[in-house]
Amino acid sequence: MTRPIVSQTADRPQRSGVLALRRKMIDKLATGMSWLAMLIVVFVLGSILWTLLKNGLPGLTLALFTHSMGAPGAGGGLANAIVGSLLQTGLSILLGAPAGLLTGIFLAEYGANTKLARTVRFVSDMLLSAPSILIGLFIYMVLVEPFGHFSGFSGAAALSLMAMPIIVRTTEDMLRLVPVSMREAGIALGAAKWRVILFICVRAARGGIMTGVLLAIARVAGETAPLLFTSLGNSEWSLDMRRPMASLPVAIYQYAGSAYQDWMQQAWTGALLVTVGVLIINIVVRVGIRGGRT
């Protein structure tokens, strides 16, 4: 009667060793797959950056920043497209950021799980996942066709609709991460709710909110489809937002499909400028946020 008990007791160390070996093998396999996935992502991103640098740097000349778009072989640049992109992107963030921030505050601090808040979240998620060309067509029907002409304002309006849901989602998520004890401390000191939200919650979540704004800028800075239906493009120098306005994405789209070597070169350089611009904004803001925390 005692033999099976001794056999089972003797098998326990062996089973434990096999189980430990199996766990180590699974751990090494998962770690190796994680490293492989990371290397693939880094390789793809590095290849994109290398391709942009290789093909874009030769066209990075002074004339690119001082001359407007011109005919093939005329020695034109992208100055009007650069300024047009800055104006339209900047105006879209000025329009979309306050609306997105206030909506996110409402969802996190006031709306909670009310029917209105659920409806707003659903609409925001729909806008976040909507194809950019549909947003461009919507703005075309609302702001372009009734007035009879394309304009920089309509382009900025289309981009603001794309930036807004990103800011709404990140603002709500970051405010929900603020501990309830911070809100209770502010209310215990006699501060009004709006003061607690503005001076405690928003300040505590400002890093995440700024990240959301950066994501919105990165999203809209390289969009082409909505601008084709709204601001259209302009080969001449123009700062009038009521007229068709040039932009880097549209210029890249036009030049990349051409058969002229100088236009193709400017398309590569324009793509490099968009990438470097978004990268610089991210670095500056992240350094500023980190400095503010210290």
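Here a trainee and a mentor talk through a predicted model, one question at a time.

Trainee: Let's start with the record. Which residues does UniProt give to the feature "domain: ABC transmembrane type-1"?

Mentor: The name comes from an unreviewed UniProt entry. In the model that span is 77% helix and 0% strand, with its end C-alpha atoms 21 Å apart. The record places the feature at residues 82-285.

Trainee: The record also lists transmembrane regions. How far apart are the end C-alpha atoms of residues 149-168?

Mentor: Residues 149-168 are one of the stretches that the unreviewed entry annotates as "transmembrane region", and 122-143 is another. Over residues 122-143 the chain is 91% helix and 0% strand, with 25 Å between the end C-alpha atoms. Residues 149-168 are 85% helix and 0% strand, and there the end C-alpha atoms lie 31 Å apart.

Trainee: Now the helices. At roughly what angle do the axes of α3 and α6 cross?

Mentor: Two packed helices are described by the angle between their axes and the distance between the axes. Look for α3 at residues 79-111 and α6 at residues 152-176. Their axes come within 6 Å, and they cross at roughly 30°.

Trainee: And what is the handedness of that crossing, left-handed or right-handed?

Mentor: The pair to look at is again α3 and α6. By class, their contact has 17 nonpolar, 11 polar and 3 charged residues. As for the hand, the crossing is right-handed.

Trainee: Okay, on to the largest nonpolar core. Which element gives the largest share of it?

Mentor: This core has 18 residues, and Ile93 and Ala216 touch the most other members. The elements giving two or more residues to the core are α3, α5 (132-144), α6 and α9 (206-221). The largest share is 8 residues, and it comes from α6.

Trainee: Which residues does Ala216 touch, leaving out those up to four places away in sequence?

Mentor: Ala216 shares with Ile93 the distinction of touching the most other members of the largest core. Leaving out the sequence neighbours, Ala216 touches Ile93, Ala163, Ile166 and Ile167.

Trainee: How many residues are in the second, separate core?

Mentor: You can find it by looking for Leu64, Met69, Leu78 and Ile82, which are included in it. This second core is separate, and its residue count is 15.

Trainee: Let's try the loop between α10 and α11. Why does Ser231 count as buried?

Mentor: Ser231 sits in the loop between α10 (225-228) and α11 (248-256). Beyond four places in sequence, its contacts include Gln88, Phe150, Gly152 and Pro244. Buried means under 20% relative accessible area. Ser231 counts as buried because its relative accessibility is 0%.

Trainee: Pro244 is in that loop too. What is its relative accessible area?

Mentor: Pro244 is found in the loop between α10 and α11. Its contacts beyond four places in sequence are Phe150, Ser151, Ser231, Gly233, Asn234 and Ser238. Pro244 is partly exposed, and its relative accessible area is 25%.

Trainee: What is odd about the phi of Leu232?

Mentor: Most residues other than glycine have a negative phi. Leu232 is found in the loop between α10 and α11, and at 34% relative accessibility it counts as partly exposed. Although Leu232 is not a glycine, its phi is positive, at about 70°.

Trainee: And Ser235? How far is its C-alpha atom from that of Gly70?

Mentor: Ser235 is also placed in the loop between α10 and α11, and it is partly exposed at 44% relative accessibility. Beyond four places in sequence, Ser235 touches Ser68, Met69 and Asn80. Ser235 and Gly70 are 165 residues apart along the chain, yet their C-alpha atoms are separated by 6.6 Å.

Trainee: Last one. Which residues does Leu143 contact beyond its neighbours within four places in sequence?

Mentor: Leu143 is placed in helix α5 and counts as partly exposed, at 28% relative accessibility. Its C-alpha atom is separated by 22 Å from that of Ser129, 14 residues apart along the chain. With the neighbours left aside, Leu143 is in contact with Ser154 and Ala157.

How values were computed. Residues are numbered from 1 along each chain as its sequence is written. This is a predicted model: local features need pLDDT of at least 70, side-chain atom pairs count only at pLDDT 80 or more; totals for chains, interfaces and linings use all residues. Side-chain values use heavy atoms; hydrogens and water are left out. UniProt positions are given in the numbering used here, feature names are shortened, and annotations may be inferred rather than shown by experiment. Helices (H or I, at least four residues) and strands (E, at least two) are DSSP runs, numbered from the N terminus. Axes are lines fitted to C-alpha atoms, for helices over the stretch in contact, and angles run from 0 to 180 degrees between N-to-C directions. A crossing is left-handed if the near helix is turned anticlockwise from the far one by less than a right angle, and right-handed if clockwise. Ala, Val, Leu, Ile, Met, Phe, Trp, Tyr, Cys and Pro count as nonpolar, Asp, Glu, Lys and Arg as charged, and the others, Gly among them, as polar. A nonpolar core is a set of buried Ala, Val, Leu, Ile, Met, Phe, Trp, Tyr and Cys residues joined through side-chain atoms within 4.5 Å. Buried means under 20% relative accessible area, exposed over 50%, partly exposed in between (1.4 Å probe, protein chains only). Contact means heavy atoms within 4.5 Å.
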